[in-house]
Amino acid sequence: MSEKKSFYITTPIYYPSAKLHIGHAYCTTIADAIARFKRLAGYDVFFLTGSDEHGQKIQRTAEKQNVTPIEYVDKIVAGFQELWQRLNISNDDFIRTSEERHQKVVQEFFRRIRDKGDIYKGEYTGLYCTHCESYWTELQLDENKCCPDCHRAIEKVSEEAYFFKMSKYGDKILKYIEENPKFIVPTSRRNEMIKFIKQGLEDLCVSRTSFDWGIPVPEDEKHVIYVWFDAVINYITPLFNDPERFKKFWPADIHLVGKEIVRFHSIIWPCMLMALDLPLPKQIYGHGWLIVEGDKMSKSKGNVVDPMHLIDEFGADAIRYFLLREITLGQDGGFSRDALINRINADLANDLGNLLHRSLNMIKKFQGGIVLKSVGENEIDKSFKNDAMNTVFEYKNLMENVQLSDAIKKVWTFISRANKYIDETMPWKLAKDESQKQILSNTLYNLAESLRIISILISPLMPKTGQKIFEQLNLENFEKSRLEDVLTFGKLPSDYKVNKAEQLFPRIEVEKQ
Ligand code: MSP
């Protein structure tokens with residue numbers, strides 16, 4: 001037997017500075033769908049998310065609210081965890097940078113790099129954006145001399161500080177990126193990073209003395225470690241004290257991150273890993289932003305969409321479906337209520353809901369709810385089964401290439417095909433003719449089998465819906481399903497009774513909205 005394949009995927013760890021919005025849910029949902037697909041494909045998966053809790057901004061916010069930083073973050077992070085649970089996120093661990101297990105690893109890594117001579121003490125004067133916890137050079141500022149990311153005012157800061165010798169690794173990381181075309185995806189982000197490195201990498205200031213809500217520099221505790229140096233290490237923390245686990249999951253297969261933080265993940269983090277003599281992650285995937293009313297969501301712009309409200313109103317699976325289907329990974333995509341409702345009505349209530357309802361109702365009406373054995377096949381059946389199997393293979397290839405939206409579209413093309421198969425075969429006519437009995441049984445078997453296949457294919461995107469279809473088909477152990485269960489047509493048992501058809505997604509009446 002071949003050894004079980006392993007797969008490690010991460011999301012960024014989120015700032016507890018504001019409530020999470022649908023843009024954060026987008027990033028986590030993508031990672032979850034990929035993790036679930038890999039489990040389905042037989043991989044041993046480790047999926048990590050968490051919270052990035054240190055830094056001056058958190059400390060200031062807590063002070064304003066008259067609470068300690070940890071009291072402040074505890075409350076917000078509990079909200080993250082509730083959101084991920086309600087969205088059915090299947091993370092295997094949740095890392096908080098305020099946890100002791102993380103602090104130990106960060107200090108250990110800081111020490112190792114310092115002992116090697118790649119962290120040294122100096123004086124830093126720079127232009128700092130408190131909001132982004134980022135230093136910028138004059139050249140990088142926007143046209144108003146503000147932060148190029150968030151466009152807020154920057155401050156000139158001067159302090160004694162530790163520096164990481166990133167300049168030493170510039171050529172090495174550039175060579176690595178150029179030799180590994182899949183290291184930074186999509187290509188547009190890769191090109192940006194190459195351009196950035198070619199301008200020359202400066203040493204990175206990795207400690208602060210102006211506040212204390214952070215991980216102390218070992219043996220020099222008036223400094224705290226720069227929040228990005230601290231944060232990226234989270235990806236190794238859960239593996240660090242377990243050599244077996246480390247060996248199995250490091251290097252990570254995908255760090256999924258928003259496009260604005262690709263630089264931290266594809267330059268700073270790899271340079272740190274090179275200094276530590278550790279292997280680099282296999283891929284940094286920079287996804288696009290979810291845009292609302294033409295702009296990236298933010299509290300200050302007042303265009304924040306609360307995912308909790310959407311889950312209350314439409315259910316987690318509908319939101320997950322929309323996010324994964326509507327936006328091509330790597331590009332920006334628009335979110336609107338109207339578009340969400342359209343998708344729910346057309347794709348979920350109509351296409352998928354009708355297929356399930358019609359199929360189960362016909363099995364009930366014409367065969368007393370029993371799925372009978374399929375014997376033989378005619379040309380229509382043959383072409384339908386072929387389409388089912390082609391869908392599975394195309395879906396598998398697309399999912400393996402993380403082309404989630406295209407993979408979903410293939411499944412929906414097959415759902416339409418299955419609805420068309422009903423129209424072509426007209427089971428209500430077959431039921432009236434005793435000589436067509438076997439053909440009717442074959443047709444209804446094929447429909448039930450196609451629903452079993454669909455439920456497994458959609459499980460990474462809509463785990464609850466897949467399960468509901470399975471239950472209505474009266475099948476067990478949905479959570480143990482694997483991709484290999486749908487690689488051949490006809491694994492559905494026969495001569496057993498299906499359950500009653502229940503509505504999967506109610507149609508949303510737009511007038512009422
Ligand atoms: N704490 C850092 C990440 C450290 S990782 C070692 C951070 N946190 S964040 O909360 O500001 O953002 C987390 C992720 O959410 C980023 O990848 C960011 O791109 C993503 N998104 C925030 N707003 C978004 C949208 N409107 N659309 C899509 N993703 C969005 O950065």
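This is a short tour of a predicted model, going from the ligand out to a sheet.

**Stop 1: the ligand.** Select the ligand and show the pocket surfaces. The ligand occupies the largest pocket.

**Stop 2: the shell.** Select the residues around the ligand; there are 25 of them, and those that come nearest are Ile13, Asp52, Gly258, Glu260 and Leu290. Coloured by class, the shell shows 14 nonpolar, eight polar and three charged residues.

**Stop 3: polar contacts.** Show Leu290 with its backbone atoms: a backbone N or O atom of this residue is 2.8 Å from a nitrogen atom of the ligand. Next, take Glu260, where a polar side-chain atom lies 2.9 Å from a ligand oxygen atom. Then go to Gly23, which has a polar backbone atom 3.3 Å from a nitrogen atom of the ligand. Of the 660 Å² of accessible area that the ligand has on its own, the protein covers 95%.

**Stop 4: elements around the ligand.** Switch to a cartoon view. Which elements each supply at least two residues of the shell? Select strand 1 (6–14), helix 1 (22–40), helix 7 (227–232) and strand 12 (254–258).

**Stop 5: the sheet.** Keep strand 1 and strand 12 selected and add the strands of the open sheet. Its six strands pair in parallel, in the order 3-2-1-12-13-7. At the edges are strand 3 (93–96) and strand 7 (184–185), each of which pairs on one side only.

**Stop 6: strands 12 and 13.** Zoom in on strand 12 and strand 13 (residues 284–287), which run parallel and are joined by four bridges. To finish, select His255 and, opposite this residue in strand 13, Ile284.

Conventions. Residues are numbered from 1 along each chain as its sequence is written. This is a predicted model: local features need pLDDT of at least 70, side-chain atom pairs count only at pLDDT 80 or more; totals for chains, interfaces and linings use all residues. Side-chain values use heavy atoms; hydrogens and water are left out. A residue is near a molecule or strand if one of its heavy atoms lies within 4 Å of it. A polar contact is a pair of N or O atoms within 3.5 Å; within protein, one must be able to donate a hydrogen and the other to accept it, and residues adjacent in sequence count only if both atoms are side-chain atoms. Accessible areas come from the Shrake-Rupley method with a 1.4 Å probe; for residues, only the protein chains shown count as cover. On a 1 Å grid over the protein atoms alone, a cavity is a set of points where a 1.4 Å probe fits but cannot get out, and a pocket is an open set with protein on both sides within 12 Å along at least five of seven lines; lining residues have an atom within 4 Å of a point. A molecule sits in a cavity or pocket if more than half of its atoms lie within 2 Å of its grid points. Ala, Val, Leu, Ile, Met, Phe, Trp, Tyr, Cys and Pro count as nonpolar, Asp, Glu, Lys and Arg as charged, and the others, Gly among them, as polar. Two strands pair if DSSP finds at least two bridges between them.
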